[in-house]
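Trainee: I have a model open and some questions about its strands and contacts. Can we go through them one at a time?

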2 protein chains.
Amino acid sequence: MVSSTRGRYALRVLIDIAENSHGEYIAMKDVAARQEISLKYLEKILPILVSHHLVEGIHGKGGGYRLSRDPSEYTVGEILRLTENDIAPVACLQNDALPCSRAANCRTLPMWEELDRRISEYLDSITLADLMRSTEAAQDSIAASGRV
Amino acid sequence: MVSSTRGRYALRVLIDIAENSHGEYIAMKDVAARQEISLKYLEKILPILVSHHLVEGIHGKGGGYRLSRDPSEYTVGEILRLTENDIAPVACLQNDALPCSRAANCRTLPMWEELDRRISEYLDSITLADLMRSTEAAQDSIAASGRV
DNA sequence: TAATTTACCCACTACTTTGGTAGGTATATT
DNA sequence: AATATACCTACCAAAGTAGTGGGTAAATTA
């Protein structure tokens with residue numbers, strides 16, 4: 001699994017903040033309701049985003065979170081690398097992997113490396129701005145209208 | 001994780017059989033020794049390959065396994081789909097996934113679908129024959145020789 | 001026929017990750 | 001002072017991973 005709920009929820013939260021805010025702070029209570037994600041679980045994900053300066057949070061009434069940058073300046077790859085343990089497709093390519101004594105003669109390693117490269121390349125090519133307002137339904141309606 | 005040890009070992013076993021056999025049966029004891037994988041664990045993986053007719057096994061002295069087809073007729077994607085629970089990069093695209101009520105409005109689903117498509121396309125484009133004799137070392141020596 | 005070698009089968013276990021929940025504290029606003 | 005919010009720590013249930021142990025069945029060889 002490249003992405004578990006933690007990474008996927010992180011993406012959805014950031015998109016929700018981007019879509020519902022124009023600089024003001026958004027309460028997680030509202031995001032949780034809109035995204036149908038438990039508030040308690042969101043509270044475990046947000047500190048990761050705060051500590052890496054993807055969002056800024058303020059306490060107290062009227063508080064919440066806002067993005068630190070423009071949506072076009074976040075890539076999906078960056079967000080997943082922070083929230084997932086590792087996005088490598090196989091254990092031997094994970095950051096904490098022990099060196100493998102068979103690596104130099106491994107018949108499959110070059111393939112895994114190329115797959116890893118392709119996954120990263122794709123995820124790094126997509127920004128939060130690309131994801132905003134993007135849905136299957138929207139794409140279908142574009143297709144139906146002939147605007148393809 | 002796209003591939004756990006089960007799928008990776010399955011690939012290595014099939015490559016080992018392909019490289020060390022010319023039609024005769026190869027004992028798992030020997031594959032286990034060459035690949036440094038526990039024989040007991042291999043014995044859990046092979047029945048999966050037998051039941052899907054990727055290999056044929058015979059009992060008794062001189063027995064073992066051999067490939068059912070030419071190495072060029074196995075794709076990595078096919079092998080991993082049999083040995084891994086699922087190679088989808090996210091839970092909502094797995095075969096046994098429950099329908100998601102948010103799918104039509106999900107901002108991230110099209111991206112996950114495209115990622116899934118790219119992973120499958122790549123893994124389906126590589127055959128066992130491609131992997132045989134392929135190593136980093138071999139690629140390095142090709143590069144060093146200027147034969148790139 | 002007996003011994004040996006191999007595939008094959010079933011039960012069990014230790015460990016890690018995932019996806020949460022519970023209950024509270026700190027901080028800011030009204 | 002009351003309220004609303006972020007933030008923190010601990011805990012838990014379920015599932016998946018990566019095995020091990022202890023056999024049985026079938027084929028070959030001596």
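Trainee: Which residue in E2(B) is the bridge partner of B:Glu56?

Mentor: Keep in mind that this is a predicted model. Strand E1 of chain B covers residues 55-58, and strand E2 of chain B covers residues 64-67. The two pair in the antiparallel sense. In E2(B), the bridge partner of B:Glu56 is B:Arg66.

Trainee: Which residue in the turn of the E1(B) and E2(B) hairpin has a positive phi?

Mentor: The strands pair over 4 bridges. The hairpin leaves 5 residues between them. In that turn, the residue with a positive phi, about 80°, is B:Gly60.

Trainee: Which element gives the most to the surface near DNA strand C?

Mentor: 28 residues surround DNA strand C, and B:Gly57 is among the closest. By class, that surface has 9 nonpolar, 12 polar and 7 charged residues. From chain B, helix H2 (28-35), helix H3 (39-51) and E2 each supply at least two residues. With 4 residues, the element that gives the most is H3(B).

Trainee: Now the contact between the chains. How many residues does H5(A) give to the side of chain A that touches chain B?

Mentor: Chain A brings 32 residues to the contact, and chain B brings 32 residues. On chain A, helix H1 (5-20), helix H5 (109-124) and helix H7 (136-145) each supply at least two residues of that side. H5(A) gives the most, and its count is 7 residues.

Trainee: How many residues of that side of chain A are nonpolar?

Mentor: Split the side that touches chain B by class. There are 6 polar and 5 charged residues. The nonpolar count is 21.

How values were computed
Residues numbered from 1 in each chain as written. Chains lettered and ligands numbered in written order. Predicted model: local features only at pLDDT ≥ 70, side-chain atom pairs only at ≥ 80, totals over all residues. Contact = placed C-beta atoms within 7 Å. Nonpolar A, V, L, I, M, F, W, Y, C, P; charged D, E, K, R; others polar. Pairing = 2+ DSSP bridges. Near = placed C-beta within 6 Å.
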